[in-house]
Each structure stands twice: as C-alpha cells, then as structure tokens.
Amino acid sequence: MGLEIERRFLVVNDGWRQFLQYSEPLQQGYLSQGSSGFTIRVRCSAQKAWLTIKAPTADPVIRHEFELAMPLAEALQLLDLTPCRIKKTRHHLLLPGGDWVIDVFEAENAGLLIAEVELPKADSPLEIPLWCGAEISDRGELSNAALAVKPWKFRQLEAKM
C-alpha cells in the first residue's frame, strides 16, 4: 500500500519563484469524496493522466495513496463526468528536504496558493521557507477535494460576513 506523507501551507508571498523548475497546468475531478476523507479523483496534465485513490490515516499528514496511470483520452472523458472539479497550475520547485510544489488555483479558487511538500517520512526534518504562512495540513476544508465542492471564493465571502 502506498503512503503519501505531505505537509501543506498557505503561501504568503512570491519568494518561492526563485526556486521554480517547471510548471504544468492540471485539471482534476472527483468521482467520489466522502466525509471520512476517502477520495477517488482523475487528474490530467497536458500529456498524462492518473486515477488516484486516497484514504485517511490517524495522522492528517499521512494518507494511503494509490495512483494509477491511464490513457489521457479516457481520463478526459472521465473528467467530463465528474461533478466537482478544480483547475490549477502546479509549479515544481528545487528545494532540499522533500518534493516541493506550489499550486496556484484558478477559476472559483483563484487567489489561493498552497505550498505542498512530500516527505520521505512523517518525522523528516523540515525547514519551512519564509514564503510559507499558516500550516493547513490538518484543515480538511482546504483539501483539493473540498475546494472542488466549496471553492475558495465562497469561503472568502463567508469570512467577510
């Protein structure tokens, strides 16, 4: 069984840009997402596609993850069937301590930037860059799956009320 060990942070400035390696636009749609944290999603880049199944563990930083490559044409058909989707550009960074990415969300999630770092172990030492703000690893309402259902702009409107 695969494990995803990931910490997530809100991005507070553009200091991350100096570490940019490459970027890719992504679309992802959710076929299933339960309140328990179990999700099934399809993700497409310009050339590749994956079907991913995730399930929670007792630690919000660790999730079970099964990622299966699939033909892009089939994934795009499947994406069209998903009721909840997100679009974002993923920026891959060159930083020590793990695999860092910045997700810059689009459409109804525009304005939201999230830094993610995948770690080899849950207790791996991590130097958090200055452009990272609040840690949101345990905030389920800011997961990609939750943002597909209730986008950032609606959360921002609620916060202003």
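**Exercise 1. Strand pairing**

In which sense do E2 and E6 pair, and over how many bridges?

Solution. The model is predicted.
- Step 1: Take the direction. E2 and E6 pair in the antiparallel sense.
- Step 2: Count the bridges. There are ten between E2 and E6.
- Step 3: Find one facing pair. Gly29 stands opposite Arg85, a residue of E6.

**Exercise 2. The other neighbour of E6**

Follow E6 to strand E7 and describe how E6 and E7 are joined.

Solution.
- Step 1: Locate the partner. Strand E7 covers residues 99-105.
- Step 2: Describe the pairing. E6 and E7 run antiparallel, and five bridges join them.
- Step 3: Pick out a bridge. Thr89 has Val104 of E7 as its bridge partner.
- Step 4: Look at the connection. E6 and E7 make a hairpin, with five residues between them. Gly97 sits in the turn, and its phi is positive, about 95 degrees.

**Exercise 3. Enclosure of E6**

Why is strand E6 said to be largely enclosed by the rest of the structure?

Solution.
- Step 1: Set the range. E6 spans residues 84-93, ten residues.
- Step 2: Apply the cut-off. A residue is buried when its relative accessible area is under 20%.
- Step 3: Conclude. Eight of the ten residues of E6 are buried, so the strand is largely enclosed.

**Exercise 4. Nonpolar cores**

Which residues touch the most other members of the largest nonpolar core?

Solution.
- Step 1: Take the size. The largest nonpolar core has 16 residues.
- Step 2: Name the best-connected members. They are Phe9, Leu93, Trp100, Ile102, Ala115 and Trp131.
- Step 3: Trace the elements. Strand E1 (3-11), E7 and strand E8 (113-118) each give two or more residues to this core. E1 supplies the largest share, three residues.
- Step 4: Turn to the second core. This separate core has twelve residues, including Phe105, Ile114, Leu142 and Leu147.
- Step 5: Add the background. In soluble globular proteins, nonpolar side chains tend to be buried together.

**Exercise 5. The largest pocket**

Describe the largest pocket by its space and its lining.

Solution.
- Step 1: Give the volume. The largest pocket holds about 1100 Å³ of space.
- Step 2: Find the centre. Of the 47 lining residues, Glu4, Glu6, Lys54, Arg63 and Glu116 are the closest to it.
- Step 3: Sort the lining. It has 15 nonpolar, 14 polar and 18 charged residues.
- Step 4: Assign the largest share. Strand E2 (residues 20-33) provides six residues.

**Exercise 6. Three single residues**

Are Cys132, Ala107 and Asn13 buried, partly exposed or exposed?

Solution.
- Step 1: Take Cys132, in strand E9 (residues 132-135). Its relative accessibility is 11%, so Cys132 counts as buried. From Cys132 to Leu26 is 22 Å, C-alpha to C-alpha, and 106 residues in sequence.
- Step 2: Take Ala107, in the loop between E7 and E8. Ala107 is exposed because its relative accessibility is 63%. Ala107 is not a glycine, yet its phi is positive, about 55 degrees.
- Step 3: Take Asn13, in the loop between E1 and E2. At 37%, Asn13 counts as partly exposed. Its C-alpha atom is 27 Å from that of Ile62, and the two residues are 49 apart along the chain.

**Exercise 7. Confidence**

Which element has the lowest mean pLDDT, and which the highest?

Solution.
- Step 1: Start with the whole protein. The mean pLDDT is 92, and 94% of the residues reach 70 or more.
- Step 2: Compare the elements. Helix H3 (residues 152-160) has the lowest mean, 64, and E7 the highest, 98.
- Step 3: Apply the rule. Where pLDDT is low, the predicted coordinates should not be read in detail.

Conventions:
Residues numbered from 1 in each chain as written. Predicted model: local features only at pLDDT ≥ 70, side-chain atom pairs only at ≥ 80, totals over all residues. Heavy atoms only, no water. 1 Å grid on protein atoms, 1.4 Å probe; cavity = no way out; pocket = protein on both sides within 12 Å on 5 of 7 lines; lining within 4 Å. Points joined across faces, edges and corners; volume = space filled by probe spheres on them. Helix = DSSP H or I, 4+ residues; strand = E, 2+ residues; numbered from the N terminus. Nonpolar A, V, L, I, M, F, W, Y, C, P; charged D, E, K, R; others polar. Buried < 20%, exposed > 50% of the residue type's maximum accessible area, 1.4 Å probe, protein only. Pairing = 2+ DSSP bridges. Core = buried A, V, L, I, M, F, W, Y, C linked by side-chain atoms within 4.5 Å. pLDDT = per-residue confidence, 0-100.
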